[in-house]
Amino acid sequence: MRQGRRHIVDQAGRIKLLSEVDILEPLAAGEIAWLSQRTPERSFTRGEMVYVEGDASDVLFFSLAGRIRLYGISAGQELR
């Protein structure tokens, strides 16, 4: 994966966006602030591959804006 363009969001904006992520809702405000300070922000261009099935990964992505298309390939056909 290559580094995409940086999208500048202030710290308060990042904390607000992260607090709206379903799996992070149970966290206290201080925990979300801690997480926000320690997670890089990446942007991807339209059509850019974020992850390919079978690749080893040690990261977790949260989409703070936009959409991500998920699909798989089986016998040469795209599965949505």
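Start by selecting Glu-41, which sits in the loop between α2 (29-37) and β1 (72-74). Before you zoom in, keep in mind that this is a predicted model.

**Stop 1: Glu-41 and its partner**

Colour the residue by accessibility and ask: is Glu-41 buried or exposed? With a relative accessible area of 11%, Glu-41 is buried, because buried here means under 20%. Now add Arg-14 to the selection and show both side chains. A polar contact joins the side chain of Glu-41 to the side chain of Arg-14, at 3.1 Å.

**Stop 2: the whole chain**

Zoom out and switch to a cartoon view. You should find two helices and two strands in the protein chain, and following the sequence gives the pattern α-α-β-β. How much of the chain is buried? Of the 80 residues in the protein chain, buried ones make up 18%. If you turn on contacts, look at those between residues at least 6 apart in sequence: 57% of them join residues at least 24 apart.

**Stop 3: the largest pocket**

Next, switch to a surface view. Rolling a probe the size of a water molecule over the atoms shows where empty space is left. The largest pocket has a volume of about 1,600 Å³. To find its middle, select Phe-44, Val-50, Phe-61, Ser-63 and Ile-68, which are the closest to the centre among the 37 residues that line this pocket.

Which elements give two or more residues to the lining? They are α1 (11-19) and β1. Of the elements, α1 gives the most, with three residues. Try colouring the lining by class too: 20 residues are nonpolar, nine are polar and eight are charged.

**Stop 4: two rings**

Hide everything except Phe-44 and Phe-61, and show their rings. The count of aromatic pairs in this model comes to one. How are the two rings arranged? The centres of the Phe-44 and Phe-61 rings are 5.9 Å apart and their planes are at 75°, so the pair is edge-to-face; the cut-off for that class is over 60 degrees.

Trace the backbone from one ring to the other. Phe-44 and Phe-61 are both in the loop between α2 and β1, 17 residues apart, and the pair links distant parts of the chain.

Finally, bring back the accessibility colouring for these two. Phe-44 is partly exposed, with a relative accessible area of 26%, and Phe-61 also counts as partly exposed, at 35%. Return to Glu-41 to end the tour: the loop between α2 and β1 holds that residue as well, and there the side chain is buried at 11%.

Methods
Residues are numbered from 1 along each chain as its sequence is written. This is a predicted model: local features need pLDDT of at least 70, side-chain atom pairs count only at pLDDT 80 or more; totals for chains, interfaces and linings use all residues. Side-chain values use heavy atoms; hydrogens and water are left out. Helices (H or I, at least four residues) and strands (E, at least two) are DSSP runs, numbered from the N terminus. Buried means under 20% relative accessible area, exposed over 50%, partly exposed in between (1.4 Å probe, protein chains only). A polar contact is a pair of N or O atoms within 3.5 Å; within protein, one must be able to donate a hydrogen and the other to accept it, and residues adjacent in sequence count only if both atoms are side-chain atoms. On a 1 Å grid over the protein atoms alone, a cavity is a set of points where a 1.4 Å probe fits but cannot get out, and a pocket is an open set with protein on both sides within 12 Å along at least five of seven lines; lining residues have an atom within 4 Å of a point. Grid points are joined across faces, edges and corners, and a volume is the space filled by probe spheres set on the points. Ala, Val, Leu, Ile, Met, Phe, Trp, Tyr, Cys and Pro count as nonpolar, Asp, Glu, Lys and Arg as charged, and the others, Gly among them, as polar. Rings of Phe, Tyr and Trp (its six-membered ring) pair if their centres lie within 6.5 Å; planes under 30 degrees apart count as stacked, over 60 as edge-to-face and the rest as tilted. Contact means heavy atoms within 4.5 Å.
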